[in-house]
Amino acid sequence: MENLEAIILVILATHNLVRLHLHRGGVASRARRTMRRVMANHIALLHQLLPDICPDNETRLMVEELNTGPHRFWSRQISQDWWERVVLETWDPNQWLQNFRMTKDTFLELCEELRPELQRQTTTMRAPLSVEKRVGIALWKLATTECYRSVANHFGVGRSTVGEVFIEVCLAIEKLLFKKLVALEDPKEVMEGFAEMGFPNCVGVVDRTHIPIICTVRKGTSVSQKGFFPMSMQGTVDHRGRFIDIELSWCGKDKDASFFRNLALCEAMDQGSFVPGNPTMTLGDVEISPLILGDATYPLKKWLMRPFTGNLSPHEEQFNSRLNDCRKVAGQAFGRLKGRWRCLATRLEVAEENIIPVVVGSVVLHNICENRGHALLDGPWAQDGVWDQTPEGHLKFPTSAQDTQDGNLVREALAKYFMSDS
């Protein structure tokens, strides 16, 4: 009996040493599981042989301790208080607008729209991030110039988690909302809006901007004077500064010559399919199709108006004045886009394949904010060249003699109409 008790004491002492070793994390995962299982069996056997030395309550506690153990290999504990107890519970509407660029109500509606793509199942390993937290992380990253580590510290997650969630949300926005929200929804309303600004039968204003990025050098890609590798984004906006079409292309000498000619917008306008019904107006004997306005670098076409250049007559000056008044809408829209989502104004730190989803997501969110009337509170959004809209230098898009002739007829008819209407 004395020998048996000595054996039991040795086993218990060994158990204490093993438990200490396990909690220090000095054993590989597979070996750790094996040691726990063996010691749990020993403890259960001791309880059967000598219940007085190893009573039931102590046996149960020791087995539970061995089976649970520290979960140091799953995740580290980070404070969740800022997002869950401060932002969601205490922030007022102005704080939401300043930091997430939208009100809490709009934010929650956006989360419901994206839930089919972002909802994750709860597993035995850990609870997933909520849809609201995922969208919050993405909006914070888009709206600030903070690095991934800083965003991670705010939301109480890992740095790699921020990167994954950021792209997941942008992809979900592109999939679920892009075609729905970046489109010419009500051509009649847009035409009436531009008519009130002085230009009839107009459905949009086109302009371009650079998106600075950090990525590997591509063949034929030019480098901006400011030292980054830019993508060119062309956007067409309506009278309220909402984007109705966007196109992205790499900047470079081998790209610029064909950029405009290959745009889907150009093809749709040439075919008369961009505006449903393709409504026209007649001035004199000139039929005028729905128009888009651009700057002097764009080609002149029957549907694309650019300003007169050179020595101008009074009616040409009047035409340019009205065109430039409408073109301001595009410059202001690009300014608000980059003012809201400031990651587009600095060097975008994403992989090359993720650039388009991030830009598309930003444009969709811009349109949501414009539709809801959410003002940009921490303006001005264009100062000291931070939110430059126009790419450096001027592109000369290709055109044809027939396009120029047709465009001149429309432009002259409009110029004479404006002069007689003034």
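Contact, in this tour, means heavy atoms within 4.5 Å. The model on screen is a predicted one, and the stops below move from a loop residue into the neighbouring elements, then on to the aromatic rings and the cysteines.

**Stop 1: L184 and its surroundings**

Select L184 first, in the loop between α9 (159–181) and α10. With a relative accessible area of 12%, L184 is buried, and once its neighbours within four places in sequence are set aside, the residues in contact with L184 are V190, V203, I244, F274 and V275. Now add V237 to the selection: although L184 and V237 are 53 residues apart in sequence, their C-alpha atoms are 9.2 Å apart in space.

**Stop 2: L181, in helix α9**

Step back along the chain to L181, which belongs to helix α9 and counts as buried at 16% relative accessibility. Leaving out neighbours within four places in sequence, L181 is in contact with F243, V364, N367, I368 and N371. A C-alpha to C-alpha line drawn from L181 to R242 spans 9.2 Å, for two residues that are 61 apart in sequence.

**Stop 3: T236, in strand β2**

Next select T236, in strand β2 (residues 229–237), where the relative accessibility of T236 is 0% and the residue counts as buried. Show its contacts beyond four places in sequence, and the display should include G204, V205 and V206, then R242, F243, I244 and D245, and finally L265 and I292.

**Stop 4: helix α5**

Move to helix α5 (residues 93–100), and colour W96, L97 and F100, which are buried. Viewed down the axis of α5, these buried residues fall within an arc of 105°, so they line one face of the helix. As background to that view, an α-helix has 3.6 residues a turn, so residues three or four places apart point the same way. To see what lies against the buried residues of α5, display α4, α6, α7 (131–143) and α8 (148–155), the helices they pack against.

Both ends of α5 deserve a closer view. At its start, a side-chain oxygen of D92 comes to within 3.1 Å of the backbone nitrogen of N94, while just after the helix R101 adopts a positive phi of about 65°.

**Stop 5: the aromatic rings**

Keep W96 and F100 selected and extend the selection to W82, W83, W91, F107, W140 and F155, since these residues are members of one aromatic cluster. Across the whole structure, a search finds 18 aromatic pairs. One of them is the edge-to-face pair of W83 and F107, with 6.1 Å from centre to centre and 70° between the planes. W83 lies in helix α4 (residues 81–90) and F107 in helix α6 (residues 104–118), so this pair ties together parts of the chain that are 24 residues apart in sequence. W83 counts as buried at 2% relative accessibility, and F107 likewise counts as buried, at 0%.

For a second pair, go to F199 and F418, whose ring centres are 5.1 Å apart and whose planes meet at 70°, so the pair is edge-to-face. Here the link is between distant parts of the chain, for F199 is in the loop between α10 (187–196) and β1 (202–213) and F418 is in helix α15 (residues 401–421), 219 residues apart. F199 is buried, with a relative accessible area of 0%, and F418 also counts as buried at 0% relative accessibility.

**Stop 6: charges over rings**

Two further selections pair a charged side chain with a ring. The charged end of K141 sits over the ring of Y148, at 4.3 Å from the ring centre; R411, in turn, lies over the face of F308, 4.0 Å from the centre of that ring.

**Stop 7: the cysteines**

How many disulfides does the structure contain? The count comes to zero, the cut-off being a pair of cysteine sulfur atoms within 2.5 Å. Select C202 and C326 to see an example: C202 is in no disulfide, and the nearest cysteine sulfur, that of C326, is 5.9 Å away. C202 counts as buried at 0% relative accessibility. Finish the tour at C111, which is also buried, with a relative accessible area of 0%.

Technical notes. Residues are numbered from 1 along each chain as its sequence is written. This is a predicted model: local features need pLDDT of at least 70, side-chain atom pairs count only at pLDDT 80 or more; totals for chains, interfaces and linings use all residues. Side-chain values use heavy atoms; hydrogens and water are left out. Rings of Phe, Tyr and Trp (its six-membered ring) pair if their centres lie within 6.5 Å; planes under 30 degrees apart count as stacked, over 60 as edge-to-face and the rest as tilted. Helices (H or I, at least four residues) and strands (E, at least two) are DSSP runs, numbered from the N terminus. Buried means under 20% relative accessible area, exposed over 50%, partly exposed in between (1.4 Å probe, protein chains only). A charge sits over a ring if NZ of Lys or CZ of Arg is within 6 Å of the ring centre and within 35 degrees of the ring normal. The arc is that of the directions from the helix axis to the C-beta atoms. A polar contact is a pair of N or O atoms within 3.5 Å; within protein, one must be able to donate a hydrogen and the other to accept it, and residues adjacent in sequence count only if both atoms are side-chain atoms.
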